[in-house]
Amino acid sequence: MKKFASILSILLFISFNINKINATAQSKVYSQGFYTMKDLNLYEGATYTVQNSQPYDDGMLIIIDSEERIQLLLHIPPYSTKYTLPSLKSDYQFIIHNNVRLTFS
């Protein structure tokens with residue numbers, strides 16, 4: 001009976017650990033253009049990172065508020081590391097400059 005209980009507990013332990021799924025935010029890739037928070041599917045107050053995945057082209061990200069003041073001007077080199085964006089507001093607009101593909105996650 002002890003063998004049965006120990007084997008059953010081991011099998012249950014293994015079965016609960018087999019189907020682990022890691023939840024990660026889906027990355028969003030955008031190229032040159034003008035965007036709003038709604039266009040980029042970004043939410044106010046959430047923390048986001050941006051990265052340039054192009055091998056040769058530098059990029060530039062400009063974030064402008066509703067009063068047309070620049071909130072962030074970020075030069076992003078090729079194959080950059082991830083840059084953390086400041087807290088975003090719903091009225092922000094984004095300008096992606098140069099022929100790059102920026103990844104928001």
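In what follows, a residue is called buried under 20% relative accessible area, exposed over 50%, and partly exposed in between, for a 1.4 Å probe and protein chains only. The structure is a predicted model, in which local features need pLDDT of at least 70 and side-chain atom pairs count only at pLDDT 80 or more, while totals for chains, interfaces and linings use all residues. Residues are numbered from 1 along each chain as its sequence is written, and side-chain values use heavy atoms, with hydrogens and water left out.

The overall layout is a good place to start. The chain contains one helix and eight strands, where helices (H or I, at least four residues) and strands (E, at least two) are DSSP runs numbered from the N terminus. Followed along the sequence, these elements give the pattern α-β-β-β-β-β-β-β-β. Of the 105 residues, 30% count as buried. Contact here means heavy atoms within 4.5 Å; among contacts between residues at least 6 apart in sequence, 71% join residues at least 24 apart.

Turning to the strands, two of them are said to pair if DSSP finds at least two bridges between them. Strands of a sheet pair through backbone hydrogen bonds, either parallel or antiparallel. Four strands form an open sheet in the order E2-E7-E4-E5, with antiparallel pairing. E2 and E5 occupy the edges with a single partner strand each, so one side of each has no neighbour in the sheet. On average, neighbouring strands of this sheet are turned by 15° against each other, direction ignored; the axes behind such angles are lines fitted to C-alpha atoms, for helices over the stretch in contact, and angles run from 0 to 180 degrees between N-to-C directions.

Within this sheet, strand E2 (residues 33-36) is joined to E7 by four bridges. Glycine 33 faces isoleucine 96 of E7 across this pairing, and tyrosine 35 stands opposite phenylalanine 94. E7 is also joined to E4, through five antiparallel bridges, and there leucine 61 is the residue opposite isoleucine 96. Outside this sheet order, strand E3 (residues 49-52) pairs with strand E6 (residues 83-84) in the antiparallel sense over two bridges, with valine 50 opposite tyrosine 83. E3 is joined to E8 as well, by three antiparallel bridges; here glutamine 51 has threonine 103 as its bridge partner.

The side chains of several of these strands come together in a nonpolar core, defined as a set of buried Ala, Val, Leu, Ile, Met, Phe, Trp, Tyr and Cys residues joined through side-chain atoms within 4.5 Å. The largest such core has 20 residues, and those with the most contacts inside it are Leu61, Phe94 and Phe104. E4, E5, E7 and E8 each supply at least two residues of this core, and E5 gives the most, with three. Leaving aside neighbours within four places in sequence, leucine 61 is in contact with residues including Val50, Leu72, Leu85, Phe94, Ile96 and Phe104.

Two of these core residues also form an aromatic pair. Rings of Phe, Tyr and Trp (its six-membered ring) pair if their centres lie within 6.5 Å; planes under 30 degrees apart count as stacked, over 60 as edge-to-face and the rest as tilted. By this rule there is one aromatic pair. The ring centres of phenylalanine 94 and phenylalanine 104 are 6.2 Å apart and the planes stand at 80°, so this is an edge-to-face pair. Because phenylalanine 94 belongs to strand E7 (residues 93-97) and phenylalanine 104 to strand E8 (residues 102-104), the pair ties together parts ten residues apart in sequence. Phenylalanine 94 is buried at 0% relative accessibility, as is phenylalanine 104 at 1%.

The loops hold some details of their own. Aspartate 65 lies between strand E4 (59-64) and strand E5 (70-76), and is buried with a relative accessible area of 8%. A polar atom of its side chain lies 3.1 Å from the backbone nitrogen of glutamate 67, and one lies 2.8 Å from the backbone nitrogen of arginine 69. Not counting residues up to four places away in sequence, aspartate 65 touches Gln71, Asp91 and Tyr92. Glutamate 68, in the loop between E4 and E5, has a positive phi of about 60° although it is not a glycine, and is exposed at 71% relative accessibility. Tyrosine 79, found in the loop between E5 and E6, likewise has a positive phi, near 45°; its relative accessible area of 59% makes it exposed.

Technical notes:
Polar contact = N/O pair within 3.5 Å; in protein donor to acceptor, adjacent residues only side chain to side chain.
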